[in-house]
Amino acid sequence: MPNYALTATCPSRRGIVAAVSGFLAGAGCNITDAHQFDDIETGNFFMRVAFESETGATLDCLEAGFEPVAGRFCMAHRFHDSDARMKVIIMVSRFGHCLNDLLYRWRIGALPIDIVGVISNHMEYQKVVVNHDIPFHYLKVTKETKSAAEARQMAIVEETGAELIVLARYMQVLSDTMCRTMSGRIINIHHSFLPSFKGANPYKQAYARGVKFIGATSHYVTADLDEGPIIEQDVVRLTHAQSPADYVTLGRDVESLVLSRAVHAHIHRRVFLNGGKTVVFPASPDSYRSERMG
């Protein structure tokens, strides 16, 4: 049976869940997982429903049949094929821990995506990427070439049909134009020492101050540098006995983990923008089903 997911947002009011579940039942669908959140502060309602179509209904058929329900609740919605893999572009500079982690999870099926290309402003990871049979695009970025390089980046996104860009420690600031064009479709990762420890050696600064927690934050990219809506965060505890090198190693580990979690949530349509923040529903059975199929 086809496995689908419905994502929906609308102004909060009585009867939304009943209307959605009633429609799916009437269309011969069996709900396998459902999450909803009613934001009292904004008056917005968010919902994600995973289901099987026992009648083999197509996405187009479901979309057409659901229009009266969507119209009644002023609902922005979309039906998704849970078994379809999202096309992803990864961008990286000279730190390869996040790239290597994503490639490994992709290779073993834990991250069911289609990596349609890797873009870098350095050549360090060309061999790694090519050995995975993934196109590698070297685009040198200087003050003079930045505009042309970004235009080529966007051309690669268009040519490949990529739906998501993952900045796996890509150390270049994206333009406001690119951020707006790809709004909600670029995910970044960075350590969580900002704004206390800025510059090239934040872990060294943290060691000098005796910091006891190292964290990482993954978020959507906006024109406000490192201030986009947060998707995922985590921390790891340190002790006085650990060295500056330990800080770096543990920091890279938590960065890799947090980024992969954020990408996993996004590709399974579990993240909803809610103003300057996000609603992130927990992983559902259909997420693991697609991993097994991968």
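D101 and R105 both belong to helix α3, which covers residues 97-108, and they stand 4 residues apart, about one turn of the helix. Their side chains meet in a salt bridge, with 2.7 Å from N to O. The structure as a whole holds 7 salt bridges. The model described here is a predicted one.

**Two domains and their interface**

The chain is divided into domain 1, residues 3-81, and domain 2, residues 86-280. Taken over C-alpha atoms, the centres of domain 1 and domain 2 are separated by 32 Å. At the interface, 12 residues of domain 1 are in contact with 8 residues of domain 2. Between them, the two domains bury about 720 Å², and 60% of this area is on carbon and sulfur atoms. Within domain 1, the residues that lose the most area to domain 2 are F46, R48 and H80, which together account for 54% of what that side buries. How many salt bridges does the rule find across the interface of domain 1 and domain 2? The number is 0.

**The second largest pocket**

The domains also share a pocket. The lining of the second largest pocket draws at least three residues from domain 1 and at least three from domain 2. This pocket has a volume of about 490 Å³. It is lined by 19 residues, and those closest to its centre are T7, H80, H266, R269 and V271. H80 was also named above, among the domain 1 residues that lose the most area to domain 2.

Which strand gives the most to the lining of the second largest pocket? Strand β4 does, with 4 residues. At least two residues of the lining come from each of β1 (3-11), β4 (76-81) and β12 (271-274).

**The largest cavity**

Rolling a probe the size of a water molecule over the atoms shows where empty space is left. A search of the whole structure finds 1 cavity of 30 Å³ or more. The space in the largest cavity is about 40 Å³. Its lining consists of V141, K146, A149, E150, Q153, Y170, Q172, V173 and L174.

**The two linings by class**

The table sets out the residue classes that line the second largest pocket and the largest cavity.

| Lining | Nonpolar | Polar | Charged |
|---|---|---|---|
| Second largest pocket | 7 residues | 7 residues | 5 residues |
| Largest cavity | 5 residues | 2 residues | 2 residues |

In the pocket, nonpolar and polar residues are thus listed with 7 each, beside 5 charged ones. In the cavity, 5 nonpolar residues stand beside 2 polar and 2 charged residues.

Note on methods. Residues are numbered from 1 along each chain as its sequence is written. This is a predicted model: local features need pLDDT of at least 70, side-chain atom pairs count only at pLDDT 80 or more; totals for chains, interfaces and linings use all residues. Side-chain values use heavy atoms; hydrogens and water are left out. On a 1 Å grid over the protein atoms alone, a cavity is a set of points where a 1.4 Å probe fits but cannot get out, and a pocket is an open set with protein on both sides within 12 Å along at least five of seven lines; lining residues have an atom within 4 Å of a point. Grid points are joined across faces, edges and corners, and a volume is the space filled by probe spheres set on the points. Ala, Val, Leu, Ile, Met, Phe, Trp, Tyr, Cys and Pro count as nonpolar, Asp, Glu, Lys and Arg as charged, and the others, Gly among them, as polar. Domain bounds come from an automatic or database domain assignment. Contact means heavy atoms within 4.5 Å. Buried area is the accessible area (1.4 Å probe) that two parts lose on being put together, summed over both. A salt bridge is a side-chain nitrogen of Lys or Arg within 4 Å of a carboxyl oxygen of Asp or Glu.
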